[in-house]
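Student: I am new to this structure and keep meeting words such as "buried" or "core". Could you show me what stands behind them?

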Amino acid sequence: MRTGAGGPSRARGASAAVATPVALSLGLLVVAGCLLGWYVPGALAEEAAYRSAPFCPGAPAPTGSRECLDAVPGTVVAKEPGGGRGSRLPGLRWTTDGRSAPSWVRLEEEGALFSSVSPGDRVRVVRWRGAERAVVAGPLRQETAATPVDGHRLPYAVGLGLVPLGGVFGWVAYGWARRPEGAARASWPVSVPMACGLVLGAVGFFGPLVTDGLLDALLLSAGTAVPVLAAGAWLLRRRRNRPPGPVEVLPRLPGRERCFPGAVVGAVPYEVAGFSTLVAGPEGLAVAAGEEPGAARCRVPGSVAAVRVRPRAHTDARAVRAGAGDWVVECRDGDREVLVVAAREDLPWVLGVLR
C-alpha cells in the first residue's frame with residue numbers, strides 16, 4: 001500500500017501546473033493572431049478606401065452612406081473642449097442647412113480647426129459610409145473620432161505586445177514540462193522569461209504608436225528581441241550553472257513505511273539500475289523496484305550519513321538521468337559520496353532515517 005506522497009498525484013499536479021501557462025500562451029497568441037491577421041488588415045483596407053475616396057458630385061445624400069465623400073454644409077452652434085469628467089473628446093455642436101435640430105460631432109483632439117471656429121461659423125462635415133469622418137472649415141480640416149485614419153495603430157500595438165507575452169508563457173510551460181517538480185517552484189525560470197516578455201511586450205505595444213509604418217514597428221520589436229532574449233538566456237544559464245547552496249530541512253522520523261519516487265546515485269552496491277522508489281521506515285532507508293508489495297528492495301546501510309541538502313544541479317548528470325526528483329541529499333558512506341535524489345516534500349523522511 002502506498003503511504004507517501006503519490007507519484008500519480010505528483011504527475012497530475014505537474015500536468016496542471018504546465019496546463020496553465022500553455023492555456024495562457026495559446027490564448028494570448030490566438031488573440032494576437034486575430035488582431036494581426038484579421039483586424040489590422042481590415043483597418044488598413046478601410047483607411048486606404050477612405051483616403052482614396054473622391055467627393056460626391058451634386059447634393060449630399062441625407063444619410064451620407066455612399067462610398068464617396070459627402071461634404072454636408074452647416075453652421076457651428078456651440079463648441080465643447082475636451083477633458084473633464086470621463087476624458088470627453090472635444091466636440092462641435094452644429095446644424096445642417098435647413099435642419100433645426102443640432103447635433104454633436106466629436107473630434108480626435110483640439111487641433112487648429114477646433115481653436116479657430118466659433119459659434120456661427122460655417123463648416124462642412126464629411127460623411128462616409130454612414131458616419132461623420134472629418135470637419136472642414138476653409139483650408140483647415142480635422143478628423144473626427146470616427147475616422148478610419150490610423151485605426152490600425154492600437155490593434156497592431158496590442159497584437160505586437162501580446163506575441164512576446166504568449167511566447168513567454170510557452171517558454172515557462174516548456175521549462176516546467178522538462179522539470180515539473182523543481183522548476184515550478186523556482187523563481188528564476190519564471191522571473192527571467194517574464195521580465196523578457198514584459199520588456200518585449202512594452203516595445204511591441206509602443207512601437208506602432210511612435211513609428212510611422214508597420215515595418216518600422218516590426219523591425220523595432222525584432223531588433224529589441226535579439227539582445228533581450230540573449231541576456232535572458234545568459235542569466236538562466238549562469239544561474240543554472242551556479243553551485244547550489246545548502247537548504248535547511250527538518251528531519252522527520254516515519255512511524256511506518258513511506259514509499260515515494262526517488263533514487264540512490266553513487267559508486268556503491270546499493271545503487272540499482274531501474275530502482276526508482278525510496279522506502280523510508282523505522283528500519284531505515286531502502287531503494288525499491290516499485291511501490292507494490294513484494295517489489296525487490298535493496299537496503300541502504302546505516303553507515304550512510306547525510307551531509308547537506310541542495311537543489312539538483314545541472315552538473316549532476318547521473319542524478320538527472322535518474323529523473324526521480326529535483327532535490328539531492330548529499331551523503332557520505334566512508335570515503336564515498338552518495339546522492340539520494342527525491343522531491344522536496346519527501347526530504348524530511350529521507351533525513352529522518354539517515355544518521
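Tutor: Let us go through some of these words, one by one. Keep in mind that this is a predicted model. As for the overall picture, the protein chain has 355 residues, of which 41% count as buried, and it holds seven helices and 13 strands.

Student: Why is Asp-70 called buried?

Tutor: Buried means under 20% relative accessible area. Asp-70 has 1%, so it counts as buried. You will find Asp-70 in strand β1, residues 70-80.

Student: What makes the pairing of Asp-70 with Arg-66 a polar contact?

Tutor: The limit for such a pair of N or O atoms is 3.5 Å. The side chains of Asp-70 and Arg-66 make their contact at 2.5 Å, so the distance falls within that limit. Leaving out residues up to four places away in sequence, Asp-70 also touches others, among them Cys-56, Pro-60, Val-125 and Arg-127.

Student: And how do you know whether Glu-248 is buried or exposed?

Tutor: Exposed means over 50% relative accessible area. Glu-248 has 76%, so it counts as exposed. Its place is in the loop between α5 and β7. The C-alpha atoms of Glu-248 and Arg-308 are 8.2 Å apart, while 60 residues separate the two along the chain.

Student: Why is Arg-129 called partly exposed?

Tutor: The range for that term lies between the 20% for buried and the 50% for exposed. Arg-129 has 35%, so partly exposed is the right term. Arg-129 sits in the loop between β4 (122-128) and β5 (131-137), and its phi is near 55°, a positive value in a residue other than glycine. Asp-150 also counts as partly exposed, because its relative accessible area is 36%. The loop between β6 (140-143) and α3 holds Asp-150, whose phi is near 60°, again positive in a residue other than glycine.

Student: What makes a group of residues a nonpolar core?

Tutor: The members must be buried, come from a set list of residue types, and be joined through side-chain atoms within 4.5 Å. The largest such core here has 26 residues, and those with the most contacts inside it include Tyr-270, Leu-278 and Val-329. At least two residues come from each of β7, β8, β9, β12, β13 and α7. The largest share, five residues, is from α7. A second, separate core has 13 residues, including Val-72 and Phe-114.

Student: How do you know that Val-329 touches Leu-351?

Tutor: Contact means heavy atoms within 4.5 Å. Leu-351 is one of the residues that meet this for Val-329, so it is listed as touching. Others are Ala-306, Val-338 and Val-350, not counting residues up to four places away in sequence.

Student: What makes the largest cavity a cavity?

Tutor: In a cavity, a 1.4 Å probe fits but cannot get out. The search of the whole structure finds one of 30 Å³ or more. Its volume is about 40 Å³, so it passes that cut-off. The lining includes His-152, Tyr-156, Asp-212 and Ala-217, and α3 (153-178) and α5 (214-241) each give two or more residues to it.

Student: Which classes make up that lining?

Tutor: There are four nonpolar, three polar and two charged residues. Asp-212 lines the cavity and counts as charged because Asp belongs to that class.

Definitions and conventions:
Residues are numbered from 1 along each chain as its sequence is written. This is a predicted model: local features need pLDDT of at least 70, side-chain atom pairs count only at pLDDT 80 or more; totals for chains, interfaces and linings use all residues. Side-chain values use heavy atoms; hydrogens and water are left out. On a 1 Å grid over the protein atoms alone, a cavity is a set of points where a 1.4 Å probe fits but cannot get out, and a pocket is an open set with protein on both sides within 12 Å along at least five of seven lines; lining residues have an atom within 4 Å of a point. Grid points are joined across faces, edges and corners, and a volume is the space filled by probe spheres set on the points. Helices (H or I, at least four residues) and strands (E, at least two) are DSSP runs, numbered from the N terminus. Buried means under 20% relative accessible area, exposed over 50%, partly exposed in between (1.4 Å probe, protein chains only). A polar contact is a pair of N or O atoms within 3.5 Å; within protein, one must be able to donate a hydrogen and the other to accept it, and residues adjacent in sequence count only if both atoms are side-chain atoms.
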